[in-house]
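Biologist: Could you zoom in on one spot for me, tell me how it sits, and then work outwards from there? Keep it chatty, but give me the cut-offs as you go.

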Amino acid sequence: MRVVVIGGVAGGMSAAARLRRLDENAEIVVVERSGNVSFANCGLPYHVGGVIEERSALLLQTPKSLAARFGIDVRVRTEAVAIDPERKVVTIRSIDDGTETELAYDKLILSPGARPVRPPIPGIERALSLRDVEDTDAMIAAVGGARTAVVVGGGFIGLEVAENLLHKGLSVAVVEATDQVMAPLDPEMVSPVHQALRDAGIDLRLGAAVTEIGATDVTLSDGSRLPADLVVAAIGVRPDSALAETAGLTLGDRGGIVTDEFHRTLRDGTATADIYAVGDAVEKIDRLTGEPAMIPLANTANLQGRRVADHIGGLSGAGRPTQGTAIVGLLGLQIASTGWNEKRLRAAERPYLAIHTHPASHATYYPGAETMALKLLVDPDTDEILGAQGVGRDGVDRRIDVIATAMQGGLTAGQLAELELAYAPQFSSAKDPVNMLGFVAENHRTGVTTSIQWHEIEAAMAGGASLIDVRTPGEFAAGAIPGAINIPVDELRERLAELPEGDLLVHCAVGIRGHIAGRLLAAHGRTARNLSGGYRTWVAGAASL
């Protein structure tokens, strides 16, 4: 049996290596367009910035090492230009001399990945992208003679590149056409990211598009110009599915290759027996809806490659839905998310409950504790976890991973309270932040507490509700929500007569004292909605407007 793999790196090489472990007798050929078949593409920005000093550290395997260990025939700088499914033949072309040959297959695995988006902006040819090692070499060469840089796009890759160019001593601007960077985050969660970028000296331009790239500068839609010895296009990616399309394979609405649960491609609505597809070029299935989604993640590509090899090797090989769990490290922050965000839930008109907390990364009495912001989105009827986001300097990675695992395992929000998680003062608190999210969800589900969101405060007060700030007078004096009445929680019992008639809203710094105040008021015949995440969340949200 000959198995031909088009495209290496995560999906393709995972499939090839796994298949060899399952079948010693298979002939495995990998065709890779670039000069490197197995490299750490997630590490490319950090080599540009000099954090990863040695280029060789990015090269995980070479054609020679793969031949020696796995007996795989790897052909780099070779491009697949056509597939004939009827004859089961791939036409390949040498990039060096243009020679074309045919390569027969019994099984074909497509792993072409995604291509950077290159919009038709005048001068776009001057903009660099970062997709492979060759792109990295070109960017490093350009950085050497540059003093200013403009990064177009505020997604994960764009921000990683911006930080690393800053690390190299360049004056950096980031231009993002929407009103925020990092689309998976909601506005109040991304606010500290915006602040961190500006505090680091990055010129952050939101709500502005690049209209022209000149020889030494970039022009924006607001008419301003930014100096730019170096321009990086990090606007996003689209599936590299042209080869599949010309072969008659089915594509989805956004150009992704459609596959069945075993990652077999489709032709005329029927799964092909011998052509599989994996990685960023492939449509995934959204875990929450079961609908197609384009989610380009390395861990998903790796798993898909493994499952395809399993299926070819006679094992189950079924895939899994995807919930888009991701994290980025930026200027000392950990920024992570999983599942859907509030913006997407609103757009889909799906009911949800948002829970905000601001816990410490570990016990506050142990030195070095850092405050993080966590947000959990929950179905108010079923208690299903719909998504989560986290931003902080420590501990965010662990918490989002636990929540992502809970989602994958079908746990409800309230069941987060029951998780038995590792505890020692330098790692967590006896009530882990994930447990605390579960407690809050449990309180909402049982009616112990009700909440109001930061973006609902103004309308509620305009409708006649009174906002009671239960922080200390010193905290209140340092900054308060306009119109709030300050009655510290420790004085509330004695000052109940001062409370206005009608609807009450309460808040503290992060929500804990507000919850205590709400319970106290309930015991005295008054009800109050607690501001989710407290004043800290309101400030972050207000800054995003």
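Modeller: Let's start with D383, which counts as buried at 8% relative accessibility. Buried here means under 20% relative accessible area, exposed means over 50%, and partly exposed is whatever falls in between, using a 1.4 Å probe and protein chains only. D383 sits in the loop that links β26 (372-378) to β27 (385-392). Those labels are DSSP runs numbered from the N terminus: helices are H or I over at least four residues, strands are E over at least two. The backbone is what makes D383 worth a look: its phi is near 70°, a positive value in a residue other than glycine. Most residues other than glycine have a negative phi, and most peptide bonds are trans.

Before going on, some ground rules. This is a predicted model, in which local features need pLDDT of at least 70 and side-chain atom pairs count only at pLDDT 80 or more, while totals for chains, interfaces and linings use all residues. Numbering runs from 1 along each chain as its sequence is written, and side-chain values use heavy atoms, with hydrogens and water left out.

Now put E349 beside D383. E349 is not a glycine either, yet its phi is positive at about 55°. It is a loop residue too, placed between α9 (342-347) and β25 (353-357). Buried or exposed? E349 is exposed, with a relative accessible area of 72%, whereas D383 is buried.

The loop between α10 (396-408) and α11 (433-445) gives you another pair. A417 is in that loop, and so is E420. A417 is buried at a relative accessible area of 11%, but E420 is exposed at 81%. If you skip neighbours within four places in sequence, A417 is in contact with N435, G438 and F439, where contact means heavy atoms within 4.5 Å. For a sense of distance, the C-alpha atoms of A417 and A242 are 48 Å apart, with their positions 175 residues apart along the chain. From E420 to A430, a step of ten residues in sequence, the C-alpha separation is 10.0 Å.

K107 is worth a stop as well. It belongs to strand β9 (residues 107-110) and is buried, with a relative accessible area of 18%. Leaving out residues up to four places away in sequence, K107 touches M1, R2, V3, V4, A273, D274, Y276 and I312. G314 is 207 residues from K107 along the chain, but their C-alpha atoms are separated by 13 Å. Compare A478 in helix α13 (residues 473-478), which is exposed at 73% relative accessibility. Its C-alpha atom is 65 Å from that of R20, 458 residues away in sequence.

For a helix with a clear inner side, try α4 (residues 133-143), whose buried residues are V133, T136, M139 and V143. Looking down the axis of α4, those residues fall within an arc of 115°, so they line one face of the helix. The arc is that of the directions from the helix axis to the C-beta atoms. What do they pack against? The partners are β3 (38-39), α2 (44-48), β4 (59-61), α5 (156-167) and β17 (230-233).

Now the whole chain. There are 15 helices and 32 strands. The radius of gyration is 26 Å, close to the 24 Å that the globule rule gives for 545 residues, so the chain is as compact as a globular protein of that length. The radius is taken over C-alpha atoms, and the rule is 2.2 Å times the number of residues to the power 0.38. Along its principal axes, the C-alpha trace spans about 90 × 55 × 45 Å. Buried residues make up 52% of the 545. Of the contacts with a separation of 6 or more, 62% join residues 24 or more positions apart. The exposed area comes to about 23700 Å², with carbon and sulfur atoms supplying 51% of it; areas are from the Shrake-Rupley method with a 1.4 Å probe, and for residues only the protein chains shown count as cover.
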